[in-house]
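Please work through the exercises below with the sequence and the structure at hand. Each task is followed by a worked solution.

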Amino acid sequence: MSMNMAHTVSGNIASIILKGRFDFSCHRDFRNNYEEILKNGTTIDTINVDFKEVNYLDSSALGMLLLLRERAAELKISVNLHHVHGAVKQVLDVANFNRLFTVS
Amino acid sequence: MSKQLTILIVDDTPENVEFIQRFVVALGHIGITASNGLEGVESFKENSPDLVLMDVMMPGMDGYEATSRIKKIAGDKWVPVIFLSALTDDFDQVKGLDMGGDDYLTKPVHLAVLAAKISAMQRIAEMQKKLSAYAAELELYRDNTEIEQHLAKHLLDRIIRSHQTDNKIVDSWTLPAAHFSGDVIVSAAAPGNKFYFMLADATGHGLAAAINVLPAIEVFYGMTERGFSISSVARELNNKIKLLMPTERFIAATLISIDMIEHTIEVWNGGNPDALFINVKGEILRKWKSSQPALGILSDDLFDHQPEVFKWTEAGQIFLCSDGLPEAESPDGEVFGWERLSGILLSTAPSRRIGAVTEAVNLHLKNKSGKDDISLVTLNCPIVISSNIGVNPVSKKDETEVAAHLSEWKLSLVLSAAQLKSLDILPFLLGWLDQLGFTNEHRSKIFVVLSELFNNALDHGILHMDSKLKAAPDGFEQFMNMRAERLSGLAEGKVEMDLEYLSNKRNDFLQIHVRDSGDGFDYHNWMKRDVSSEIVPSGRGIALVKSMCSDFKFMGTGNEAVALYPIDYP
């Protein structure tokens, strides 16, 4: 598996922690993770996606983030992208995702 | 679990054969026999048994050789072979299994064990059959998918080829990934001597990518032909893709409009790597970064469709590429990278740039293809001397002659601030002209005249822009930015346009009358200047209009312009 994924919830903030390559093969896992979180959507107002240990991001990953954004928006939950760096930051910059998420 | 098997028994001792055969039949299976290796192989070929019980020591061909041949004949189908051997050593058992046998029983055979082994082999064989069936189905799906991929790419190529015309402007190279990965390069001539270009990179691969990008291509060609601004094209593309495609699919695109005569470039870049303007020496004079998300993501109210403009004052090339290029990974995992690319571009002559980068990429990838399409494009932007406009002035008519013409039809349009701000007026008018049957030659010239007069009215009469600003270095960009700002904040103002078709069945005219609500200007002195001999940033337009029309004049306070465009019957 090229990616490890886990999520935690603390109060009204949920976090999805990604490790490794964020690409098409992560599609199902990513969706399972956020759907789990959104099951308790009424108690959550923020989802942070942590990229600290992500070394690769492609356009299918961007697509997955867009899906998450749409689902979260239905429940008025905001999505933030945290700890982006290196190649990942570059891809997000060119994609101007800072217009769609709070990126840090 | 009582499916009847056909079991082949191979042994050179007749008593053994008979003994095993009787047992096998008692278990409910069919037993066929062979008395040596060669016979065993022949029998296997003829009868296709489900299981083989093979003696090892036989004269002529032994059990190992026979098993090896039988396995070859069985091919993809798994037929278990159980050795029945008098050789009891572990060594012999290992040898038997190494030589291709699936199990090994020592003689004298314990019948209960044999029965159990046969059942076990049967279970495994069933499982194997299921897996084979799955594999075959998968093959079928894969083959179908291959066919669909090719079809999608075929359609895409055909659509593009049907629209493309030869031009000396675009030079490009694409290295497709194993499956089409969404890169598309299209260009077309737009009315008013403009050249439009788009490099699109759709998400996905194969069929998905092709489907994603097809509507975008049709919109590009359609709107370009009708004279829409690149800004309108970007906006329409965004809306269409957002509407038609699922959320996770988008198209990174670089849209470019080039005016070869005015030497101006408008670029809209959403999601693609930087586009560069490089001069002959290799210096980068302008960079266009991706300043917004790709097409199909933002809703219309948040979408910024303003392009960035640039006016070139020395010859150069626009260079662009899809992200497949800098991200191209060599077999040992190294990316091609921007530094390497910049290095090549800056140290190579313009005509050799595509070739040089192509060579470098192939070297880097060791002549394999990448995971993503790789596209590179250069657009040539030479310096064109514009004084050859007005070389063939149209013969002038005098007013009394024209007055003898009847008005066949008249189109009047009054546009106030709200429309001036939000509508793309010129394609709208051009659309009417198309409906009214103007041919290609007239169509593009009339478009130029309409364009000049309308833009003059808007720029000077309504937005109070000063053309002198364009003469300063970077002035053109500043002018365009200020114009866009003033236009978006426009509260008052009116532009009226009348198009009237005057005919006497021998020679016809299209009279174009534009009036703006501004203060006008002192046109009497201005008209006395001979602008065709100067390279004037602002006066060129009127010179062009005069060269294409039988008559042109300003009226009123200078806030009205009337042009008479001739349409001669042969």
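The exercises that follow concern a predicted model.

**Exercise 1. Determine how helix 1 and helix 2 of chain A are oriented towards each other, and which residues form their contact.**

Step 1. Locate the two elements: helix 1 of chain A covers residues 27-39, and helix 2 of chain A covers residues 59-74.

Step 2. Consider the geometry. The two helices pack at an angle of about 15°, and their axes are 11 Å apart.

Step 3. Angles under 35 degrees count as roughly parallel. Helix 1 and helix 2 of chain A are therefore roughly parallel to each other.

Step 4. Assign the handedness: helix 1 of chain A passes helix 2 of chain A in a right-handed crossing.

Step 5. List the contact residues. From helix 1 of chain A come His27(A), Phe30(A), Tyr34(A) and Leu38(A), which meet Met64(A), Leu68(A) and Arg71(A) in helix 2 of chain A. By class, this contact has five nonpolar, one polar and one charged residues.

**Exercise 2. Carry out the same analysis for helix 2 and helix 3 of chain B.**

Step 1. Helix 2 of chain B spans residues 37-47 and helix 3 of chain B spans residues 63-74; they pack at an angle of about 15°, with axes 9 Å apart.

Step 2. The two helices are therefore roughly parallel to each other, and their crossing is right-handed.

Step 3. On the side of helix 2 of chain B, the contact includes Gly37(B), Gly40(B) and Phe44(B). On the side of helix 3 of chain B, Ala66(B), Ile70(B) and Ile73(B) are among the partners. By class, the whole contact has five nonpolar, three polar and three charged residues.

**Exercise 3. Explain why chain B is described as more spread out than a compact globule.**

Step 1. Note the composition of chain B: 16 helices and 20 strands.

Step 2. For 570 residues the globule rule gives 25 Å, whereas the radius of gyration of chain B is 39 Å, well over that value, so chain B is more spread out than a compact globule.

Step 3. Add the dimensions: the C-alpha trace spans about 125 × 55 × 45 Å along its principal axes.

Step 4. Examine burial and contacts. Of the 570 residues of chain B, 38% count as buried. Among contacts in chain B with a separation of 6 or more, 70% come from residues 24 or more positions apart.

**Exercise 4. Decide whether Ile118(B) is buried or exposed.**

Step 1. Ile118(B) lies in helix 5 of chain B, residues 111-163.

Step 2. A residue is buried if 20 or more other C-beta atoms lie within 10 Å of its own. Ile118(B) has 21 C-beta neighbours inside 10 Å and therefore counts as buried.

Step 3. Relate this position to another part of the chain: the C-alpha atoms of Ile118(B) and Leu27(B) are separated by 10.0 Å, although these residues are 91 residues apart along the chain.

Terms used. Residues are numbered from 1 along each chain as its sequence is written. Chains are lettered from A and ligands numbered from 1 in the order in which they are written. This is a predicted model: local features need pLDDT of at least 70, side-chain atom pairs count only at pLDDT 80 or more; totals for chains, interfaces and linings use all residues. Axes are lines fitted to C-alpha atoms, for helices over the stretch in contact, and angles run from 0 to 180 degrees between N-to-C directions. Helices (H or I, at least four residues) and strands (E, at least two) are DSSP runs, numbered from the N terminus. Angles under 35 degrees count as roughly parallel, over 145 as roughly antiparallel, 65 to 115 as roughly perpendicular and the rest as oblique. A crossing is left-handed if the near helix is turned anticlockwise from the far one by less than a right angle, and right-handed if clockwise. Two residues are in contact if their C-beta atoms, placed from the backbone, lie within 7 Å. Ala, Val, Leu, Ile, Met, Phe, Trp, Tyr, Cys and Pro count as nonpolar, Asp, Glu, Lys and Arg as charged, and the others, Gly among them, as polar. The radius of gyration is taken over C-alpha atoms; the globule rule is 2.2 Å times the number of residues to the power 0.38. A residue is buried if 20 or more other C-beta atoms lie within 10 Å of its own, exposed if 12 or fewer, and partly exposed in between; C-beta atoms are placed from the backbone.
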